Amino acid sequence: MAGLVRQLPGAIGYVELIYALQNKISFGEVKNAAGNFVRASIEGVTEAAASVKQMPADYRISITNAPGANTYPSPALPGCWCRSSLPTRPRARVLKDLLSWIVNSGESEVQTLSYAPLPKSVAEKVLKTIYSLQ
């Protein structure tokens, strides 16, 4: 898609921030809910995610057009779906170890990949969910 957009004068497309940065694709500003024009940034996505005051138990939220002066209006949140009860304790232990490593240690790597880290409140809630897996 990005290749076609580059070839067509006036074309507009959407790619991940990291893809645009790595491939030196120019991108513009987008008007957010506060009426400000902002460029995609790690900080803007983190601000949008932090705007969620009450995270539902199933984590199904939309942070599109989140409030805030610098929020990026069209962020995407990655997800991970797993069963709350696994067939064997060893599998549950491995899954819990992996997911807790992602939140506790892997999170420190996200900014080097131009991804936004989870807000602290969300990371804490995710860890509680991970620890409740059986």
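**Exercise 1.** Is Leu98 buried, partly exposed or exposed? Place Leu98 in its helix and find the nonpolar surface patch that includes Leu98.

*Solution.* This is a predicted model.
- Step 1. Leu98 has a relative accessible area of 47%.
- Step 2. Buried means under 20%, and exposed means over 50%. Leu98 is therefore partly exposed.
- Step 3. Helix H4 spans residues 89–104 and contains Leu98.
- Step 4. Leu98 forms a nonpolar patch on the surface with Trp101 and Ile102. Together they have about 310 Å² of accessible area.

**Exercise 2.** Describe the surroundings of Asn32, starting from its loop.

*Solution.*
- Step 1. Strand E1 covers 30–31 and strand E2 covers 37–38. Asn32 sits in the loop between them.
- Step 2. The relative accessible area of Asn32 is 5%. The cut-off for buried is under 20%, so Asn32 is buried.
- Step 3. Leave out residues up to four places away in sequence. Asn32 then touches Val38, Gly68, Ala69, Asn70, Thr71 and Pro73.
- Step 4. Look at Gly68 again. Its backbone oxygen lies 3.5 Å from a polar atom of the Asn32 side chain.

**Exercise 3.** Which residues of helix H3 (residues 42–50) are buried, and how are they arranged around the axis of H3?

*Solution.*
- Step 1. The buried residues in H3 are Ile42, Gly44, Val45, Ala48 and Ala49.
- Step 2. Look down the axis of H3: these buried residues fall within an arc of 170°, so they line one face of the helix.
- Step 3. Recall the geometry. An α-helix has 3.6 residues a turn, so residues three or four places apart point the same way.
- Step 4. Now find the cover. Helix H2 (17–22) is included in what covers the buried residues of H3.

How values were computed: Residues are numbered from 1 along each chain as its sequence is written. This is a predicted model: local features need pLDDT of at least 70, side-chain atom pairs count only at pLDDT 80 or more; totals for chains, interfaces and linings use all residues. Side-chain values use heavy atoms; hydrogens and water are left out. Helices (H or I, at least four residues) and strands (E, at least two) are DSSP runs, numbered from the N terminus. Buried means under 20% relative accessible area, exposed over 50%, partly exposed in between (1.4 Å probe, protein chains only). A polar contact is a pair of N or O atoms within 3.5 Å; within protein, one must be able to donate a hydrogen and the other to accept it, and residues adjacent in sequence count only if both atoms are side-chain atoms. Contact means heavy atoms within 4.5 Å. Patches are made of residues with over 30% relative accessible area and no salt bridge: like charges are joined within 9 Å, nonpolar side chains (Val, Leu, Ile, Met, Phe, Trp, Tyr) within 5 Å. Accessible areas come from the Shrake-Rupley method with a 1.4 Å probe; for residues, only the protein chains shown count as cover. A salt bridge is a side-chain nitrogen of Lys or Arg within 4 Å of a carboxyl oxygen of Asp or Glu. The arc is that of the directions from the helix axis to the C-beta atoms.
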